[in-house]
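Me: Could you take a close look at one part of this model for me? I'd like to see how two of its helices sit together.

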Amino acid sequence: MEGKVFIIIPAFNEGKKIGEVVASIRQEGYANLVVVDDGSKDKTAAVAAARGAIVLRHMINRGQGAALKTGIEYALQHGADIIVTFDADGQHHPQDIQHMIAPVAQGKIAVTLGSRFLGHSEVPPIKRLILKGGILFTRIFSSIWLTDVHNGFRAFSRRAAEQIRIKQDKMEHASEIIEEIVQKNIPFQEVPVTVTYTEYSKQRGQSPWNSLKIAFNLVWRKLTR
Amino acid sequence: MVTLDLLEIVVTAFALFALSRVMLRMKDGKITKKEGFFWCAVWVLAIVLVFVKDYLNLLQDFISTRRPVDAIIYISIILLFYLVFRIYVKLDQMEQDITTIVRNRAIQRARKK
Ligand SMILES: Nc1nc2c(ncn2[C@@H]2O[C@H](COP(=O)(O)OP(=O)(O)O)[C@@H](O)[C@H]2O)c(=O)[nH]1
Ligand SMILES: [Mg+2]
């Protein structure tokens, strides 16, 4: 038994892709899709709603971490048993959702983290370098070796979703989630997933400069918050 | 015998005031313990330095009336640090509050439909 599954999709100006993404997930048989439109300037909200997603709308942009938390809170209020987070830019594959959910549904594991390096993903060289840097950073920061740390594809049991506190509004939440898992001893597992790099996603993804900024913010907030 | 000149009294009073602020912030959870300890340490150190300054030539140069301009600059920098820190804490808090408002509104609107 899987229970009630919610798919949370944070989206910022993804009007061109979101329709396709929502439709493809529904095709896999998932009915509870929550798109959190984070103050997009384009038609993201309208397109997602037209394809049958529940749309939560941030009036102004608050960042991916904030959007995820909004979606998770909503899902918990509506009786979610399992919560999956999924990117809006078409980089993730809906067919992988079942593999992400399975270990959690069995109840032994509370969180699954998608890993593009365990799966068959062709990652562009520069992105690969940055991601590997992120992995090393996580080793130092949270004392844990993972194969992929900045992947938006995750699945949480209800209890894990309630336990993990996301305080970082922006991209820093990815490291925060891992830290929470480590600190609270939440049983997790990495699951191979495919991440596809298209021209579209490459143009819009996080830049190397931004990645450095994220790392800096993390250290700074750790010292001051 | 400890004798205090005006400058020492001012520095001590300010440090005590700052210390009380830091503790208040810590109590109501606006800053973390780590942060709180850091700032407590800074201000306690300031007070200690005022009282042992006679033994510290370096500090004497700064706080003695021989070079009042240096002392003023020195204090100004500390004051600026403190103000920037306060602004930082406030801004961070404000950002979080805004997010909460935006979030609650988003969830409420979805429920009405
Ligand atoms: N809610 C929200 N989502 C965002 C924001 N920036 C990016 N995203 C979403 O987060 C996902 C991944 O972002 P992306 O920039 O592609 O990261 P990358 O794939 O790791 O380079 C996509 O679904 C984006 O739509 C933001 O400011 N707010
Ligand atoms: Mg992307």
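Are H1(B) and H4(B) roughly parallel or roughly perpendicular to each other?

Reply: Happy to, and keep in mind that this is a predicted model. Start with where the two pieces are: in chain B, helix H1 covers residues 6–27 and helix H4 covers residues 68–112. Their axes are 13 Å apart, and the helices pack at an angle of about 10°. Angles under 35 degrees count as roughly parallel, so H1(B) and H4(B) are roughly parallel to each other.

Now zoom in on the side where they touch. H1(B) brings Leu7(B), Val11(B), Phe14(B), Arg21(B) and Arg25(B). Facing them from H4(B) you'll find Ala71(B), Ile75(B), Leu79(B), Tyr82(B) and Arg86(B). Sort the residues of this contact by class and you get seven nonpolar and three charged, with no polar ones.

While you have the model open, swing over to ligand 1 for another kind of contact. Here 18 residues surround the ligand, and the closest include Glu14(A), Asp38(A) and Asp89(A). By class, this shell has six nonpolar, six polar and six charged residues. Oxygen atoms of the ligand also pair up with the protein: one is 2.5 Å from a backbone N or O atom of Ala88(A), and one is 2.9 Å from a polar side-chain atom of Gln91(A). Taken alone, ligand 1 exposes 570 Å², and the protein buries 89% of that. If you want to trace the shell back to chain A, strand S1 (5–11) and helix H3 (64–77) are the elements that give two or more residues to it.

Key: Residues are numbered from 1 along each chain as its sequence is written. Chains are lettered from A and ligands numbered from 1 in the order in which they are written. This is a predicted model: local features need pLDDT of at least 70, side-chain atom pairs count only at pLDDT 80 or more; totals for chains, interfaces and linings use all residues. Side-chain values use heavy atoms; hydrogens and water are left out. A residue is near a molecule or strand if one of its heavy atoms lies within 4 Å of it. A polar contact is a pair of N or O atoms within 3.5 Å; within protein, one must be able to donate a hydrogen and the other to accept it, and residues adjacent in sequence count only if both atoms are side-chain atoms. Accessible areas come from the Shrake-Rupley method with a 1.4 Å probe; for residues, only the protein chains shown count as cover. Helices (H or I, at least four residues) and strands (E, at least two) are DSSP runs, numbered from the N terminus. Ala, Val, Leu, Ile, Met, Phe, Trp, Tyr, Cys and Pro count as nonpolar, Asp, Glu, Lys and Arg as charged, and the others, Gly among them, as polar. Axes are lines fitted to C-alpha atoms, for helices over the stretch in contact, and angles run from 0 to 180 degrees between N-to-C directions. Angles under 35 degrees count as roughly parallel, over 145 as roughly antiparallel, 65 to 115 as roughly perpendicular and the rest as oblique. Contact means heavy atoms within 4.5 Å.
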